[in-house]
Amino acid sequence: MSAAVFQAKLWYAQRISAMILGICVAIHLIIIFYAIRGGLSAQEILGRTQGNLAFALFYEIFVLACFVHAPIGVSNILQETFPNSGLAKPISWLLAILISTLGTTAVIGVYSGGSL
Amino acid sequence: MSHTDLKVKVWRGTDQGEFVEYLVPRISNQTVLDVVTYIQRKLDPTLSYRFACRVGMCGSCAMTVNGVARWTCRTHVSKIVEGDSLEIAPLNNLPVIKDLATDMREFFNKWKGAVGFFKGDQTRHDDFAKVEPQSEERQLANAGIECIGCGVCYASCEVVEARSNYLGPAALNRAWTLSNDIRDVQQIERLRAVAGDAGCHACHTQGSCTERCPKAIEPTASIAGLKKLVARAAVKGSKWGKL
Amino acid sequence: MISRPKLDYRAKSHLSYFAYACHRFSGLLLACFLPLHFLMLSQSLRGAAGFESALGLTDLWVFKLGEWVLVILLAIHLAGGVRLLMIEFGPWRGLRKGWVQVSILFAIICGLLFLYFAN
């Protein structure tokens, strides 16, 4: 796969993940507004998410979409702000790893509520 | 005739230099080109600048006026003057030959690099090509066809500034019009040329090109068209072959 | 002797560039925030009690301010992102400047809603 084709695919992946995120973020904002009424407690959060497969699937899709979308965006910023520095690839990969591992951990965490 | 003078700062030098201030009598209906011409003819004959038609058809007189790329022959001083001051500099993103004249070779080389030129496979012995004027492709091509290569969009683009190999809005706009030309036979080479970060995918839709084009062409639209065309070709293949 | 001028704020003082700048800035901050957000949420693995004590950290006013700012950044990035998707994938209707104004309004509304619902 040539460099140009790879760039084209990255662009496409970022836009597709953007479409998914558009829906996820809109739903997430609604959930945020609903959840923060009367304050936020661990009990309340887990009460909604623990054992709830729909929530778990929704948020895992959310995490995976972020995992694609954010690192590509950050890579572009780094390439343009610090050209030829070699920073773009390692930092965006680091972000990708952090988002996928910490994100999935978080989803497992709120699904299981600590009872693993 | 007004007796107040304009304070006009003009860039003198090459990529290194300084702004020199000249006092130019203010006249009604004066354009920025009139001001530059006055300076060169009456105040300082060593000033270098470009112009040709002086009626807004050729694009040669494009310069940076108060930080914004414009055609100086079509820019009335009264519209953009700040108090009684003007700042005139060469077009951004292009090397300066001298004073207000820039080296446009990289601009036109990128045009070539984007395969922004036509190549057909018919000869004088063949029948005329039949291009339906109302067809979607022809209308898309027509929307961008009036570009005269003045460089204002290229000079206004921050991505051109940030990425030295980015082909730029004018080259990509021309590539798009040719992608929609059913007679052209270099489509797959063109798609390869405009793919990637040197090409259409580096565009961040800042829209400065569309905002500043003196002919109201919208390179942002053309580049958006290319992005879709190339992405589809990269993933699924195009009607002209695999990328 | 100085260097020739580069593109400055005068070249970028138009609505579409402002929309780009907001989108890039909000995206960058959200990207930095995301790992921390997931780290906090993964404290739920410690069970309700452990999660509650980790959440206690967010009672500090600086976190409350941060949450409010992040909701606004999220709203900006979402609205700006939808505008970009419309420009790149939708029928061409110019730089969608009306959409930029709607985005700003949407972000303000989200900010206000957050203040209204939070205690």
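Start by selecting strand S5 (residues 85–89) of chain B together with S3(B): the two run antiparallel and are joined by two bridges. You are looking at a predicted model, so keep that in mind at every stop.

**The strands around S3(B)**

Now pick B:Thr64 and find B:Ala89, its bridge partner in S5(B). Then turn to S4(B), where B:Ala69 stands opposite B:Thr64. S3(B) and S4(B) also run antiparallel, with four bridges between them. Follow the chain from one to the other and you will trace a hairpin with two residues between its strands. Stop at B:Asn66 in that turn, which has a positive phi of about 50 degrees.

Which residues cover the two faces of S3(B)? Select B:Ala62 and B:Thr64 for one side, then B:Met63 and B:Val65 for the other; all four are buried.

**Where the two domains of chain B meet**

Next, colour chain B by its domain assignment: domain 1 (5–102) and domain 2 (105–236). Their C-alpha centres are 30 Å apart. At the contact between them, 13 residues of domain 1 of chain B meet 15 residues of domain 2 of chain B. On the domain 1 side, the strands you have just visited return: strand S3 (62–65) and strand S4 (68–71) of chain B are the elements that give two or more residues. S4(B) has the largest share, four residues. Colour that side by class and you should find seven nonpolar, four polar and two charged residues.

**The largest nonpolar core**

Select B:Ile88, B:Leu172, B:Val194 and B:Val230 next. Within the largest nonpolar core, which has 78 residues, these four touch the most other members. Helix H10 (residues 219–236) of chain B is the main contributor, giving nine residues. Both domain 1 (5–102) and domain 2 (105–236) of chain B supply residues to this core, so it lies between them.

Zoom in on B:Leu172. What is it in contact with, leaving aside neighbours within four places in sequence? Its contacts are B:Ala114, B:Leu167, B:Val194, B:Gly199, B:Cys200, B:Pro219, B:Ser222, B:Ile223 and B:Leu226.

**Across to chain A**

Keep H10(B) highlighted and bring up chain A. Here 13 residues of chain B are in contact with nine residues of chain A. H10(B) gives the most to the chain B side, with five residues. That side divides into seven nonpolar, two polar and four charged residues.

Show chain A by itself for a moment. It has four helices and zero strands, and reads α-α-α-α along the sequence. Its C-alpha trace spans about 50 × 25 × 25 Å along the principal axes. The radius of gyration of chain A is 17 Å, whereas a compact globule of 116 residues would have one near 13 Å. Buried residues account for 34% of chain A.

**Last stop: chains A and C**

Finally, add chain C. How many residues of chain A are in contact with chain C? There are 35, and they meet 32 residues of chain C. On the chain A side, helix H1 (3–35), helix H2 (42–49), helix H3 (53–81) and helix H4 (88–112) each supply at least two residues. By class, this side has 22 nonpolar, eleven polar and two charged residues.

Methods: Residues are numbered from 1 along each chain as its sequence is written. Chains are lettered from A and ligands numbered from 1 in the order in which they are written. This is a predicted model: local features need pLDDT of at least 70, side-chain atom pairs count only at pLDDT 80 or more; totals for chains, interfaces and linings use all residues. A nonpolar core is a set of buried Ala, Val, Leu, Ile, Met, Phe, Trp, Tyr and Cys residues joined through C-beta atoms within 7 Å. A residue is buried if 20 or more other C-beta atoms lie within 10 Å of its own, exposed if 12 or fewer, and partly exposed in between; C-beta atoms are placed from the backbone. Domain bounds come from an automatic or database domain assignment. Two residues are in contact if their C-beta atoms, placed from the backbone, lie within 7 Å. Ala, Val, Leu, Ile, Met, Phe, Trp, Tyr, Cys and Pro count as nonpolar, Asp, Glu, Lys and Arg as charged, and the others, Gly among them, as polar. The radius of gyration is taken over C-alpha atoms; the globule rule is 2.2 Å times the number of residues to the power 0.38. Two strands pair if DSSP finds at least two bridges between them.
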